[in-house]
Amino acid sequence: MMVAEKPALGFQQAHAEGEDELELASPAGSPAPPPRKMHSLDFEHIGSLAAVAESLAPGSRWRRALTSVRVVIFQAKINVLLPFGPLAIMLHYLSGTHQGWVFLFSLIGITPLAERLGYATEQLACYTGPTVGGLLNATFGNATEMIISIYALKNGMIRVVQQSLLGSILSNMLLVLGCAFFAGGLVHSNRDQVFNKASAVVNSGLLLMAVLGLMFPAVLHFTHSEAQYGKSEVTLSRFSSCIMLVAYASYLFFQLKSHRSMYSPIGDEEEATEEEEDENEITQWEAICWLFILTIWISILSGYLVDAIQGASESLNLPVAFISVILLPIVGNAAEHASAIMFAMKNKLDITLGVAIGSSTQISMFVIPFCVVIGWMMGQEMDLNFQLFETATLFITVLVVAFMLQEGTSNYFKGLMLILCYLIVAASFFVHVDPDASKYIVYCFVRCMRANWIKIDGLVEMQELNHLD
């Protein structure tokens, strides 16, 4: 018995000596890592490798694709409006006289696509951070307006381009930002929400610079002080557009490279961002693929929408200015609208400002000058003369929003004031007559009168000749 117990005692002694060696090798006061933790880490490592191997399998790819389709297409209730897009295309080819219905169906069909575009951008923003995420949201949110503008510019509808882009700026600054402040203020009614004041001031300065670029061609036109009538206005617009594009590129470098710390989230918003990092429903590449697919489908519907604007104005008895400034931007800004409200309710005011004010800055400093340059390449005389009424509306809107943002706080009352301001702007454009349209009517009237007077003069001369004979 004694001999049989010696090996066991020897094994215990060796095990104890090994533990002593581990304790001596570890720093003083720090316990040695238990063996069970090492085993659990090994199992976790093996489990992660198994998950990667399973994700690379062909069957899992199909399952992942079906899950992505279910999340993007079937999960959102607004996607019940998707069939209106194909219906608009069918109605366009089956009946060419119902342009009002084609316009309405195209408008309704683009709405869920714009909202899903915002959702895919939001998912992509989860992988890039709040600053780049807000920039991506503004960029792809403006894809609808840019596509509609290029189609309209190709058809020579310069006033539709000008008014739709102006309406996008007004809608983002008043309606989208107002609804976001109002919804966020109701959810967080016990205190004011705080956002980064420095970044808001920079965006306000850029918007004032955009107003400066739009104001001088209009003033040059209405004071009749052009050096070369009809040419100086377009030349000044093209030069100013190039300057504005350089300014926007400098702003991107300032925002993303040299002063990134200025655009970092502050306070509770940073904590909320860290807590909600695991809300990704689709992967990064899936988000990129959906952005590509949705942009193509929006571009197709935009062509039918632009072609039906004039017919819709006549059949629905609505001014083209009201359709271009109010209706088109509301649909085009559906992505920004949904994203800005959602981020405001989650107390992410910096991303909300990046979507709403950042989108307005991008349209005024990039999309409008870009359309002027594209029109220059197409041979279209697109300029920055947005007429006096539209330019004054933009100037007053920028001043109102700049005063709202100067304190760096928001509440539901500020949002309500911005919404009410937008209703006043919408009513103004409903009763507004586009000066270009009125000039065209007067021009046609004068031509008809001249033709009638030529006929009358000809008849008088014939009667005088017959009388002499």
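**Exercise 1. Contacts along the chain**

Determine what share of the contacts with a separation of 6 or more joins residues 24 or more positions apart.

Solution. Step 1: take the contacts in the chain of this predicted model that have a separation of 6 or more. Step 2: of these, 84% are accounted for by residues 24 or more positions apart. Step 3: as background, the chain contains 19 helices and two strands, and 45% of its 469 residues are buried.

**Exercise 2. The nonpolar core**

Find how many residues the largest nonpolar core has, and which helix gives the largest share of them.

Solution. Step 1: the largest nonpolar core holds 95 residues. Step 2: helix α8, residues 158–187, supplies the largest share of this core, with 15 residues. Step 3: Phe103, Leu177 and Leu405 have the most contacts inside the core. Step 4: take Leu177 and set aside its neighbours within four places in sequence; the contacts of Leu177 are then Asn172, Leu353, Ala356, Ile357, Val401, Leu405 and Leu418. Step 5: for context, nonpolar side chains in soluble globular proteins tend to be buried together.

**Exercise 3. Packing of α4 and α12**

Describe the crossing of helices α4 and α12, and state which residues make the contact.

Solution. Step 1: two packed helices are described by the angle between their axes and the distance between the axes. Step 2: for α4 (residues 84–94) and α12 (residues 284–307), the axes come within 10 Å and cross at roughly 35 degrees. Step 3: the crossing is left-handed. Step 4: α4 contributes Gly85, Pro86, Ile89, His92 and Tyr93, while α12 contributes Trp297, Ile300, Leu301 and Tyr304. Step 5: sorted by class, the contact has seven nonpolar residues, two polar ones and no charged ones.

**Exercise 4. Packing of α10 and α16**

Classify the arrangement of helices α10 and α16 from their angle, then give the make-up of their contact.

Solution. Step 1: α10 spans residues 232–258 and α16 spans residues 349–378; their axes are 9 Å apart, at an angle of about 135 degrees. Step 2: angles over 145 degrees count as roughly antiparallel and 65 to 115 as roughly perpendicular, so α10 is oblique to α16. Step 3: α10 and α16 cross in a left-handed sense. Step 4: on the α10 side the contact includes Ser237, Arg238, Met244 and Tyr248, and on the α16 side it includes Met365, Phe366, Phe370 and Trp376. Step 5: by class, there are 11 nonpolar, five polar and one charged residues in the contact of α10 with α16.

**Exercise 5. Ser232**

Decide whether Ser232 is buried or exposed, and list what it touches.

Solution. Step 1: Ser232 lies in helix α10. Step 2: its relative accessible area is 18%. Step 3: the cut-off for buried is under 20%, so Ser232 is buried. Step 4: not counting residues up to four places away in sequence, Ser232 touches Leu220, Glu226 and Ala227.

**Exercise 6. Positive phi**

Locate Asn347 and Gln387, and compare the sign of phi at each with the general tendency.

Solution. Step 1: most residues other than glycine have a negative phi. Step 2: Asn347 is not a glycine, yet its phi is positive, about 65 degrees. Step 3: Gln387, also not a glycine, has a positive phi of about 70 degrees. Step 4: Asn347 is in the loop between α15 (334–345) and α16, and Gln387 is in the loop between α16 and α17 (388–405). Step 5: Asn347 is buried at a relative accessible area of 8%, and Gln387 is buried at 5%.

Methods:
Residues are numbered from 1 along each chain as its sequence is written. This is a predicted model: local features need pLDDT of at least 70, side-chain atom pairs count only at pLDDT 80 or more; totals for chains, interfaces and linings use all residues. Side-chain values use heavy atoms; hydrogens and water are left out. Axes are lines fitted to C-alpha atoms, for helices over the stretch in contact, and angles run from 0 to 180 degrees between N-to-C directions. Helices (H or I, at least four residues) and strands (E, at least two) are DSSP runs, numbered from the N terminus. A crossing is left-handed if the near helix is turned anticlockwise from the far one by less than a right angle, and right-handed if clockwise. Contact means heavy atoms within 4.5 Å. Ala, Val, Leu, Ile, Met, Phe, Trp, Tyr, Cys and Pro count as nonpolar, Asp, Glu, Lys and Arg as charged, and the others, Gly among them, as polar. Angles under 35 degrees count as roughly parallel, over 145 as roughly antiparallel, 65 to 115 as roughly perpendicular and the rest as oblique. A nonpolar core is a set of buried Ala, Val, Leu, Ile, Met, Phe, Trp, Tyr and Cys residues joined through side-chain atoms within 4.5 Å. Buried means under 20% relative accessible area, exposed over 50%, partly exposed in between (1.4 Å probe, protein chains only).
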